[in-house]
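Load the model, pick a cartoon view, and keep the selection box handy. We'll go from the whole chain down to single side chains.

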Amino acid sequence: MLRGSWRQLWLFLLLLLQLLLLPGAPEPRGTSRPWEGTDEPGSAWAWPGFQRLQEQLRAAGALSKRYWTLFSCQVWPDDCDEDKEAAARPLGWRLPLLGQRYLDLLTTWYCSFQDCCPSGDCRISNNFTGLEWDLNVRLHGQHLVRQLVLRTVRGYLETPQPDKALALSFHGWSGTGKNFVARMLVENLYRDGLMSDCVRMFIATFHFPHRKYVDLYKEQLMGQIRETQQLCHQTLFIFDEAEKLHPGLLEVLGPHLERRAPEGHRAKFAWTIFLFLSNLRGDIINEVVLKLLKAGWSREEITMEHLEPHLQAEIVETTDNGFGHSRLVKENLIDYFIPFLPLEYRHVRLCARDAFLSQELLYTEETLDEIAQMMVFFISNNQMAPPGPANQFCGPHLGTDSAEENSFDSP
């Protein structure tokens with residue numbers, strides 16, 4: 001620790017030395033000079049050594065101001081508007097390479113113990129390149145999800161002033177990757193992933209287990225949403241097992257999803273994403289996919305137009321849960337119903353391979369075949385993985401660790 005402190009002190013001293021030893025900056029305008037007009041031979045101001053000292057001090061002063069402007073704009077980009085013209089105005093000299101290195105070192109040193117981000121909030125990363133890579137490389141058999149999630153989320157977060165929250169509803173069998181994609185979003189949008197102050201995850205049967213306490217749950221849910229939005233200007237709320245949520249809880253989210261919500265209900269901070277994960281009507285997705293495959297379509301030729309109308313219609317007609325009868329569905333407040341297709345034999349092999357790689361374990365092609373063959377597929381020609389078994393490889397859950405952090409005090 002002492003050695004690190006001495007290094008930081010030396011870095012600061014070297015920067016000061018750099019400021020004093022680099023002349024060449026012009027003199028600031030309007031500077032009063034008591035020695036003007038006193039260059040008579042007998043004057044003390046005419047001493048050559050003193051005149052050189054004057055020039056060095058003027059240069060150091062101008063250079064110090066320039067360094068401070070550049071340093072402050074790197075560290076506090078939102079607060080450098082007043083100095084923007086000064087930073088952009090040519091001063092008649094170029095920042096020496098060594099001086100730029102000292103400036104970069106000082107910025108790095110400062111940011112090592114202080115939050116220092118271009119976005120102004122280091123908790124928010126919005127790594128769209130990483131999200132695209134994860135969706136393309138780690139997610140198997142879900143080309144519709146890959147296309148829609150990245151485009152929708154990126155477009156929403158890059159909108160300067162969205163007029164509503166973004167609502168996405170993931171549907172499909174267990175093990176097709178709904179939780180997996182939700183984790184990808186969290187890990188690429190936020191530095192601390194599920195542990196971020198900007199993220200809240202709720203599991204219906206864990207957080208809202210008793211129907212008789214719905215009014216209390218509504219109050220607690222509204223409080224958590226409001227508190228999270230006050231902490232972060234970009235928030236993400238995940239609702240797992242969404243089909244088991246009471247309609248009254250879903251009503252709480254309505255004001256955030258209305259395109260022109262009343263001012264009193266409008267979220268204080270602009271960017272809010274609601275993500276619903278559900279097994280609801282996964283059977284309809286499977287039926288449509290199998291019908292298209294048997295008709296000669298390839299999997300990659302299946303589009304949202306084939307699935308979304310059927311999926312949304314079936315959700316509305318569902319009678320055994322509150323999600324389909326909620327205001328969110330009836331008033332089209334959910335932006336996209338995103339279908340997760342049933343996995344095929346080849347996708348399960350890829351998921352098993354990724355599981356080995358993630359644990360740095362060796363595997364063979366025969367091992368991957370053995371794992372895939374242990375599962376019973378419900379159709380022989382167009383093999384699809386049944387719900388459940390593929391879950392251990394292709395759809396790792398978000399887990400309950402972070403969910404417990406968001407849990408309410410149940411009565």
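Contact, on this tour, means heavy atoms within 4.5 Å. Helices (H or I, at least four residues) and strands (E, at least two) are DSSP runs, numbered from the N terminus. This is a predicted model, in which local features need pLDDT of at least 70 and side-chain atom pairs count only at pLDDT 80 or more, while totals for chains, interfaces and linings use all residues. Residues are numbered from 1 along each chain as its sequence is written, and side-chain values use heavy atoms, with hydrogens and water left out.

**The whole chain**

Start with everything selected. The chain has 17 helices and 5 strands. Of its 411 residues, 46% are buried (under 20% relative accessible area; exposed is over 50% and partly exposed is in between, with a 1.4 Å probe and protein chains only). The accessible surface comes to about 22500 Å², with 53% of it belonging to carbon and sulfur atoms; these areas come from the Shrake-Rupley method with a 1.4 Å probe, and for residues only the protein chains shown count as cover. Among contacts with a separation of 6 or more, 78% are between residues 24 or more positions apart.

**The sheet**

Now select the strands. In what order do they line up? The open sheet of 5 strands reads β2-β3-β4-β1-β5, with parallel pairing (two strands pair if DSSP finds at least two bridges between them). β2 and β5 (336-339) are at the edges with a single partner strand each, so one side of each has no neighbour in the sheet. From one strand to the next, the twist averages 15°.

Zoom in on β1 (residues 166-171) and β4 (residues 271-278): these strands run parallel and are joined by 6 bridges. For one spot to click, try S169, whose bridge partner in β4 is F276.

**Helices across the sheet**

Bring back α9 (residues 214-231). This helix lies across β2, β3 (234-240) and β4, and runs at about 150° to β3. For such angles, axes are lines fitted to C-alpha atoms, for helices over the stretch in contact, and the values run from 0 to 180 degrees between N-to-C directions.

Next, select α10 (residues 247-257), which lies across β1, β3 and β4 at about 140° to β4. How many of its residues are buried? The count is 9 of 11, so to speak a mostly covered helix. Among the buried ones are L249, L250, V252 and L253. Show the surroundings and you'll find that the cover includes β1, α9, β3, β4 and α13 (327-330).

**A helix pair**

Move to α6 (residues 143-157) and α7 (178-189). Their axes are 12 Å apart and the helices pack at an angle of about 35°. α6 passes α7 in a right-handed crossing (right-handed if the near helix is turned clockwise from the far one by less than a right angle, left-handed if anticlockwise). Show side chains here: V145, V149, V153 and L157 in α6 meet V181, L185 and L189 in α7.

**Salt bridges**

Last, switch on the charged side chains. There are 16 salt bridges in the structure, each a side-chain nitrogen of Lys or Arg within 4 Å of a carboxyl oxygen of Asp or Glu.

While α7 is in view, select R183 and E187, whose closest N and O atoms are 3.5 Å apart. The two are 4 residues apart in the helix, which is about one helical turn. R183 is partly exposed at 23%, and E187 is partly exposed at 39%.

Then pick D197 and R123, a salt bridge with its closest N and O atoms 3.7 Å apart. D197 sits in the loop between α7 and β2 (199-203) and R123 in the loop between α4 (97-111) and α5 (128-137), so the pair ties together parts 74 residues apart in sequence. Buried or partly exposed, which is R123? R123 is buried at 18% relative accessible area, whereas D197 is partly exposed at 38%.

Go on to D369 and R349, which meet at 2.6 Å, N to O. D369 belongs to α15 (residues 365-373) and R349 to α14 (residues 345-358), so this pair ties together parts 20 residues apart in sequence. R349 is buried at 18%, and D369 is partly exposed at 24%.

Finish with R299, E300, E344 and R346, which shared salt-bridge partners join into one network. E344 is in the loop between β5 and α14 and counts as buried at 14% relative accessibility.
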